[in-house]
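Ready for some practice in reading a protein fold? Take a pencil, look at the picture, and try each task before you read its solution.

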Amino acid sequence: MATVLTAAQLRAYDGSDSSKPIYVSIRGKVYDVTSGRGFYGPGGDYAIFAGREASRALGKMSKDDADVSGDLSGLSDKELGVLADWETKFQAKYPIVARLTDA
């Protein structure tokens with residue numbers, strides 16, 4: 001995992017350009033979710049997460065744009081557990097291709 005992406009660079013992988021892969025970040029790990037294009041691509045149920053850090057939203061089971069971030073402050077133990085479950089699912093299903101940086 002040598003590649004590092006900024007949040008701005010990650011946005012280029014939101015599925016709007018079919019020639020590029022689709023990426024979703026969870027806790028700073030960037031996953032290639034292209035094989036799930038039906039879910040993460042434009043019009044998909046989880047398209048709001050594509051090209052973004054989605055940890056908070058996944059933990060809260062939220063599709064509210066304001067929750068699509070890496071800010072975990074204020075999440076309950078239950079929400080952190082939900083996030084951990086999502087992370088486990090992503091690790092089993094999608095390759096990690098980069099690390100998200102704040103730069």
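The exercises below go from the sheet to a helix and then to the loops.

**Before you start**

This is a predicted model, in which local features need pLDDT of at least 70 and side-chain atom pairs count only at pLDDT 80 or more, while totals for chains, interfaces and linings use all residues. Residues are numbered from 1 along each chain as its sequence is written, and side-chain values use heavy atoms, with hydrogens and water left out. Helices (H or I, at least four residues) and strands (E, at least two) are DSSP runs, numbered from the N terminus.

**Exercise 1. The sheet**

Work out in which order the strands form the open sheet, and which strands stand at the edges.

Solution, step by step:

1. Begin with the rule for pairing: two strands pair if DSSP finds at least two bridges between them.
2. β1 and β4 (residues 96-101) have three bridges and pair in the parallel sense. Within this pair, L5 has L100 in β4 as its bridge partner.
3. β3 and β4 run antiparallel and are joined by three bridges. Here V30 stands opposite A98 in β4.
4. β2 and β3 also run antiparallel, with four bridges joining them. The bridge partner of S25 in β3 is V30.
5. Put the pairs together: the four strands form an open sheet in the order β1-β4-β3-β2, with mixed pairing.
6. Now look at the ends of that order. β1 (4-6) and β2 (23-26) each have a single partner strand, so one side of each is left without a neighbour in the sheet.
7. As a last step, consider the twist: neighbouring strands of this sheet are turned by 40° against each other on average, direction ignored.

**Exercise 2. A helix on the sheet**

Find which strands helix α4 touches, and explain why its buried residues line one face of the helix.

Solution, step by step:

1. Helix α4 (residues 77-93) packs on the sheet and touches β2 and β3 (29-32). Contact means heavy atoms within 4.5 Å.
2. The direction of α4 makes about 50° with that of β3. Such axes are lines fitted to C-alpha atoms, for helices over the stretch in contact, and angles run from 0 to 180 degrees between N-to-C directions.
3. Next, sort residues by accessibility: buried means under 20% relative accessible area, exposed over 50%, and partly exposed in between (1.4 Å probe, protein chains only).
4. In α4, the residues L83, W86, E87 and F90 are buried. Seen down the helix axis, the buried residues of α4 fall within an arc of 105° (taken from the directions from the axis to the C-beta atoms), so they line one face.
5. On the other side of α4, you find D77, K78, K89 and A92 exposed.
6. What do the buried residues of α4 pack against? Their partners are β2, β3, α2 (37-40) and α3 (55-60).
7. Check one of these partners: β2 is covered on both faces, with Y23 and S25 buried on one side and V24 and I26 buried on the other.

**Exercise 3. Phi angles in the loops**

Locate R27 and M61, and decide whether each is exposed or partly exposed.

Solution, step by step:

1. Keep a general rule in mind: most residues other than glycine have a negative phi.
2. R27 lies in the loop between β2 and β3. These two strands form a hairpin with two residues between them.
3. R27 has a positive phi of about 50° although it is not a glycine. Its relative accessible area is 39%, so R27 is partly exposed.
4. M61 belongs to the loop between α3 and α4. M61 has a positive phi of about 55° and is not a glycine either.
5. With a relative accessible area of 58%, M61 is exposed.

**Exercise 4. Sequence and space**

How far apart in space are D71 and G51, and how far apart are S76 and S35?

Solution, step by step:

1. D71 lies in the loop between α3 and α4, and at 40% relative accessibility D71 is partly exposed.
2. D71 and G51 are 20 residues apart in sequence and 16 Å apart in space, C-alpha to C-alpha.
3. S76 is found in the loop between α3 and α4, and S76 is partly exposed at 32%.
4. S76 and S35 are 41 residues apart in sequence and 31 Å apart in space, C-alpha to C-alpha.
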